[in-house]
Amino acid sequence: MSHNHDDCSDHDHSGQSKLESSLFSCELSSKVPFYTFQGDDDEDLEQFLELRTVCLGEGAKEESNVVEVTAMNHLGKTNSVPIATLHLSCLPMVSLGDFELKAPVTIRLKAGTGPVTVSGLHLIGNSSI
């Protein structure tokens, strides 16, 4: 996983909070089939993962690669949902827009051998503001 700092931005999810963002990226393959994003340990911070793209990497085979995410819904129940099915010859990349999930989030290569890169933003907001 690479985690690079980006600029601060004034998103207004609760009407008051200021969010900081940093780049997020992880690569999934048959050797590393999942990644769990926990966020920081600070309880005063609300942390989200905003997924933007899922794409096949160099050396990907002609096979279907299915990526799913597991996160909690608004009722506190854990759900797993496929977010992309990639294939080298017809769909090597998917743009997810602003697909935002509250940490913790597990991203898994459910089928295929990859490599698949998942990228987006790590958003951090102070919930005590």
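Visitor: Which residue in S8 stands opposite Val 66?
Guide: This is a predicted model, in which local features need pLDDT of at least 70 and side-chain atom pairs count only at pLDDT 80 or more, while totals for chains, interfaces and linings use all residues. Residues are numbered from 1 along each chain as its sequence is written, and side-chain values use heavy atoms, with hydrogens and water left out. Strand S5 (residues 64-72) and strand S8 (residues 105-111) pair in the antiparallel sense over 5 bridges; strands are DSSP runs of E with at least two residues, numbered from the N terminus, and two strands pair if DSSP finds at least two bridges between them. Opposite Val 66 in S8 stands Ala 111.

Visitor: How many helices and strands does the secondary structure of the chain come to?
Guide: Read along the sequence, the pattern is β-β-β-β-β-β-β-β-β, where a helix would be a DSSP run of H or I with at least four residues. The secondary structure of the chain therefore comes to 0 helices and 9 strands.

Visitor: Which strands stand at the edges of the open sheet, and why is one side of each left without a neighbour?
Guide: In this open sheet 4 strands follow the order S3-S8-S5-S6, with antiparallel pairing. One side of each edge strand is left without a neighbour in the sheet because each has a single partner strand, and these edge strands are S3 (34-37) and S6 (78-87).

Visitor: By what angle are neighbouring strands of this sheet turned against each other on average?
Guide: The axes are lines fitted to C-alpha atoms, and angles between N-to-C directions run from 0 to 180 degrees. With direction ignored, the average turn between neighbouring strands of this sheet is 20°.

Visitor: Which strand gives the most to the largest nonpolar core?
Guide: A nonpolar core is a set of buried Ala, Val, Leu, Ile, Met, Phe, Trp, Tyr and Cys residues joined through side-chain atoms within 4.5 Å, buried being under 20% relative accessible area, exposed over 50% and partly exposed in between (1.4 Å probe, protein chains only). The largest has 23 residues, and those with the most contacts inside it are Leu 51, Val 54, Val 67, Ile 107, Val 116 and Val 118. At least two residues each come from strand S2 (19-28), strand S4 (45-56), S5, S6, strand S7 (93-102), S8 and strand S9 (116-126). With 4 residues, the strand that gives the most to this core is S4.

Visitor: Over how many bridges do S4 and S9 pair?
Guide: S4 pairs with S7 in the antiparallel sense over 7 bridges, and Val 54 stands opposite Val 94 in S7. On the S9 side, Cys 55 stands opposite Thr 117. S4 and S9 pair in the antiparallel sense, and their bridges number 11.

Visitor: Is Gly 125 buried or exposed?
Guide: Gly 125 is found in strand S9, and its C-alpha atom is separated by 6.4 Å from that of Gln 47, 78 residues apart along the chain. Not counting residues up to four places away in sequence, Gly 125 touches Lys 18, Leu 19, Asp 44, Leu 45 and Glu 46, a contact meaning heavy atoms within 4.5 Å. Because its relative accessibility is 1%, Gly 125 counts as buried.

Visitor: What relative accessibility does Thr 85 have?
Guide: Thr 85 has its place in strand S6, and, leaving aside neighbours within four places in sequence, is in contact with Ser 64, Asn 65, Val 66 and Leu 91. Thr 85 and Glu 68, 17 residues apart in sequence, are 9.0 Å apart in space, C-alpha to C-alpha. Thr 85 counts as partly exposed because its relative accessibility is 42%.

Visitor: How many disulfides does the structure hold?
Guide: Cys 26 counts as buried at 3% relative accessibility, whereas Cys 90 counts as exposed at 59%. With a disulfide taken as a pair of cysteine sulfur atoms within 2.5 Å, the number that the structure holds is 0.

Visitor: Which residue does a cis peptide bond join to Ala 103?
Guide: Most residues other than glycine have a negative phi, and most peptide bonds are trans. The bond from Gly 114 to Pro 115 is cis, with omega near 0°, and Pro 115 has its place in the loop between S8 and S9. In the loop between S7 and S8 is Pro 104; a cis peptide bond, with omega about 5°, joins Ala 103 to Pro 104.
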